[in-house]
Amino acid sequence: MKIGYPCVNESLDCSAASTFRLASYSAERVETTVAGNLACLQRILEYNVAHGLRFFRIGSGIVPFGSHPINTFPWQTRFAAEFRAIGDYIRAENMRVSLHPDQFVVLNSPNPDIVQRSIEELIYQGTMLDLMEMDSTAKLQIHVGGLYGDRDAAIARFIATYHTLPEAVRRRLVIENDDRLFSLHDCRRVHEAVGIPVLFDNFHHECLNHGEPMAEALRQAAATWHPTHDGVLMMDYSSQQPGERKGKHTSTLEETLFREFLTHLHGLDVDIMLEIKDKEASACRAIGVLRELQLVAAEAASLS
DNA sequence: TGGCGTCAAGATAGT
DNA sequence: ACTATCTTGACGCCA
């Protein structure tokens, strides 16, 4: 089981998502910014190794305007060595990485231009993983998309678009159950049609489900991952921020809830991304919780 | 230097 | 038809 957090490290004084306005675009600016972002990414990964965090979501903004037509800078060749070095480090340290393109990637949009731009974005993000020479267990996670008033048609459009994706994207693409529109059940329908793995989000599942208990939901999601091609189930973990609207992520890890969640795994191996506001602080505490449990288990074994 | 309006991109619910 | 929200930071103008 690997534990991780997304995109940003708040303990370090660098950013791997440094960018600039479209209006101030220049090739020179791209080059210096990507160099800085990759240097920071390496520092974040080193921090993670030092703290036992072996899962990390790389931010979408490593290459500013990475899928925008304005960006004709050959970053893929200029930074090939840097990407490969980062990939070597990730493999050497037995880490796992993912990316999560944001809300603008909508493969089931009725608007073909939006679909095309979405595919361009997925190609950009997949290319980064390819340059790092990551295998197909490094994933690109997206949501199914919009509903547009007709769930079946929306799912059918996702499936149709999926078939047109380049293999380089398809081998990494996974769908995540969301908290309002497409549930675990809906994602499993898509999986049954095209074989795409379902990344499980426990908090979204609490917000939107069909009565599946947590342990059963985990089992169902895990069954959509091919053990060698996809790796073990990736999941996002969070919990409700008390007193806030339903769906608001907690500001810090609630250790009691996390321990309770772990009881539903029943030995299932998963890699857990903590989608929690205070980032690595909570991830480190999650590591502490797991170590405690392991100590308890080890003690019980030695006594028996 | 600090404050703050704005930023490539979509979809949805509410008014 | 228009706005706020998701979600959040960071750019970059201005005082």
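Start by selecting R219: with a relative accessible area of 48%, R219 is partly exposed (buried is under 20%, exposed over 50%, partly exposed in between, with a 1.4 Å probe and protein chains only). Now add E216, which at 27% relative accessibility is partly exposed too. The two form a salt bridge, with the closest N and O atoms 3.0 Å apart (that term asks for a side-chain nitrogen of Lys or Arg within 4 Å of a carboxyl oxygen of Asp or Glu). Both sit in helix α9 (residues 214–222), and because they are 3 residues apart, about one helical turn separates them (helices are DSSP runs of H or I, at least four residues, and strands are runs of E, at least two, numbered from the N terminus).

A word on what you have open: this is a predicted model, where local features need pLDDT of at least 70 and side-chain atom pairs count only at pLDDT 80 or more, while totals for chains, interfaces and linings use all residues. Residues are numbered from 1 along each chain as its sequence is written, and side-chain values use heavy atoms, leaving out hydrogens and water.

Next, pick R96 and D271, whose side chains meet in a salt bridge (2.8 Å, N to O). R96 lies in strand β3 (residues 96–99) and D271 in strand β8 (residues 270–274), 175 residues apart, so to speak distant parts of the chain linked. Both residues are buried.

Then try R180 and D179, another salt bridge, at 4.0 Å from N to O. R180 counts as exposed, at 63% relative accessibility, whereas D179 is partly exposed at 23%.

To finish, the whole structure holds 20 salt bridges.

Definitions and conventions. Chains are lettered from A and ligands numbered from 1 in the order in which they are written.
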